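User: Got a minute? I'd like to go through this one with you.
Analyst: Sure, pull it up and ask away.

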Amino acid sequence: MEPRQNLPRLLPNAEVWAWQERARCRSMDTEFFFSGDGEARGARARREQAAKQICLACPVRHECRSHAIATGEYGVWGATSENDRRTTSDPQPGRHRCSTPPRRSVRNT
């Protein structure tokens, strides 16, 4: 198996990973946050929504989401699914964003 291109290499570092010890999901079954083989679309949507609800009250939600974005994780991390992270450039879902980019003034020099 070849390593993924353009992803940072993760090295063990207790200071960098210490946030995981405070995660609300730490003692939960991982199947709650990751899809199983053959999971139906409706079942997946319900599971992801339930997992996101747990994440919303987590004290390390932002660190978790940042980790998922930086490393290309799959599953629910920091109250975002992989689809959420793929379809938005906003690292903090739920914030209001403009659907169109702001206009830039063009200056002739």
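User: What does cysteine 64 touch, leaving out residues up to four places away in sequence?
Analyst: Cysteine 64 is in contact with Trp19, Trp77 and Gly78. Keep in mind that this is a predicted model.

User: OK, and which residues make up the largest nonpolar core?
Analyst: That core has 7 residues: Trp19, Ala23, Cys58, Val60, Cys64, Ala68 and Trp77. So Cys64 and two of its contacts, Trp19 and Trp77, belong to a set of buried residues joined through side-chain atoms.

User: What else is there, apart from that core?
Analyst: There's another core, of 6 residues, which lies apart from it. Its members include Ala51, Ile54, Cys55 and Ala79.

User: Where is alanine 79 found?
Analyst: Alanine 79 is in the loop between helix H3 (61-71) and helix H4 (82-87).

User: Why does alanine 79 count as buried?
Analyst: Because its relative accessibility is 13%, and the cut-off for buried is under 20%.

User: What about its backbone, what's phi of alanine 79?
Analyst: Phi there is near 65°, which is a positive value in a residue other than glycine.

User: Switching to the whole chain: how many helices and strands?
Analyst: The protein chain has 4 helices and 0 strands, giving the pattern α-α-α-α along the sequence.

User: And how much of the protein chain counts as buried?
Analyst: 23% of its 109 residues do. The chain exposes about 8,900 Å², with 50% of that supplied by carbon and sulfur atoms.

Definitions and conventions
Residues are numbered from 1 along each chain as its sequence is written. This is a predicted model: local features need pLDDT of at least 70, side-chain atom pairs count only at pLDDT 80 or more; totals for chains, interfaces and linings use all residues. Side-chain values use heavy atoms; hydrogens and water are left out. A nonpolar core is a set of buried Ala, Val, Leu, Ile, Met, Phe, Trp, Tyr and Cys residues joined through side-chain atoms within 4.5 Å. Buried means under 20% relative accessible area, exposed over 50%, partly exposed in between (1.4 Å probe, protein chains only). Contact means heavy atoms within 4.5 Å. Helices (H or I, at least four residues) and strands (E, at least two) are DSSP runs, numbered from the N terminus. Accessible areas come from the Shrake-Rupley method with a 1.4 Å probe; for residues, only the protein chains shown count as cover.
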